[in-house]
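Visitor: I should like a close look at a single part of this structure, namely how its interior is packed. Please then relate that part to its surroundings in one connected account.

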Amino acid sequence: MQFQYCDFRQRLQLQNMALSTPGSRIPKWRRVLRHAYLLKSGEFAIQSIEDLEHAVRQARLRKLINVKMIFATDKSYGVHPMEGIIQIHFDQMNTVAKHLEDIERDRRQTVTTPMPPSDAVINN
């Protein structure tokens, strides 16, 4: 596994896996795990390369065959492949249009409706 430190998240980010390794045989790992952030390896929280090296050393000392690694991924949105901008689909546009119509209707009602008189009486 090849990791790169992300300054923005202060975490290790998975960049690549060597061919013919168990990790590279995970179905669709490039789409799912590439650019994911490593949170834990075994029972060790991972914040830096040194933490990961320590976790690997401990796994080798204990002669563990399997080590559970926990990754976190960013939620991806529909992005246009050529332009790199977020796409809005027709059903989403209808929802946005309905919200805008509701906002405009509420604005018109508040402008045309007079304010009720106050019950408070001020005595001088």
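Guide: Two residues are in contact when they have heavy atoms within 4.5 Å. This is a predicted model, in which local features need pLDDT of at least 70 and side-chain atom pairs count only at pLDDT 80 or more, while totals for chains, interfaces and linings use all residues. Residues are numbered from 1 along each chain as its sequence is written, and side-chain values use heavy atoms, with hydrogens and water left out.

The general arrangement comes before the detail. The protein chain contains three helices and five strands, in the order β-β-α-β-β-α-β-α along the sequence; helices (H or I, at least four residues) and strands (E, at least two) are DSSP runs numbered from the N terminus. Of its 124 residues, 16% count as buried, that is, under 20% relative accessible area, with exposed being over 50% and partly exposed in between (1.4 Å probe, protein chains only). Among contacts between residues at least 6 apart in sequence, 44% join residues at least 24 apart.

The interior itself can now be described. The largest nonpolar core (buried Ala, Val, Leu, Ile, Met, Phe, Trp, Tyr and Cys residues joined through side-chain atoms within 4.5 Å) has eleven residues, among them Phe 3, Leu 12, Leu 14, Trp 29, Ala 36, Ile 46, Leu 52 and Ala 55. Strand 2 (11-16) and helix 2 (49-61) each contribute at least two residues to this core.

Leu 14 offers a useful point of entry. This leucine belongs to strand 2 and counts as buried because its relative accessibility is 0%. With neighbours within four places in sequence set aside, Leu 14 touches Met 1, Gln 2, Phe 3, Trp 29, Leu 33, Arg 34, His 35, Ala 36 and Phe 71. One of these partners, Ala 36, is 22 residues from Leu 14 in sequence, yet their C-alpha atoms are 5.6 Å apart in space. Ala 36 in turn, with neighbours within four places likewise excluded, has contacts with Leu 12, Gln 13, Leu 14, Phe 71, Ala 72 and Thr 73.

Phe 3, another member of the core, is buried, since its relative accessible area is 17%. Phe 3 also takes part in the one aromatic pair found in a search of the whole structure. Its ring and that of Phe 71 have centres 6.5 Å apart and planes at 5°, so the pair is stacked; rings of Phe, Tyr and Trp (its six-membered ring) pair if their centres lie within 6.5 Å, and planes under 30 degrees apart count as stacked, over 60 as edge-to-face and the rest as tilted. The pair links distant parts of the chain, with Phe 3 in strand 1 (residues 2-6) and Phe 71 in strand 5 (residues 69-72), 68 residues apart.

Ser 41 meets the core from strand 3 (residues 37-41). At 5% relative accessibility, this serine counts as buried. Neighbours within four places aside, Ser 41 is in contact with Ile 46, Leu 52 and Ala 55, as well as Val 67, Lys 68 and Met 69. Ile 46, Leu 52 and Ala 55 are themselves core residues.

The surroundings include charged pairs. The structure holds six salt bridges, each a side-chain nitrogen of Lys or Arg within 4 Å of a carboxyl oxygen of Asp or Glu. In one, the closest N and O atoms of Asp 74 and Arg 9 are 3.0 Å apart. These partners lie 65 residues apart, Asp 74 in the loop between strand 5 and helix 3 and Arg 9 in the loop between strand 1 and strand 2. Asp 74 is partly exposed at 41%, and Arg 9 is partly exposed at 38%.

Glu 43 and Arg 62 form another salt bridge (2.7 Å, N to O). Glu 43 lies in the loop between strand 3 and strand 4 (44-45) and Arg 62 in the loop between helix 2 and strand 5, so this pair ties together parts 19 residues apart in sequence. Glu 43 is partly exposed, with a relative accessible area of 48%, and Arg 62 is partly exposed at 44%.

The loop between helix 2 and strand 5 also holds Lys 63, whose phi is positive, about 55°, although this residue is not a glycine. Most residues other than glycine have a negative phi. Lys 63 is exposed, at 70% relative accessible area.
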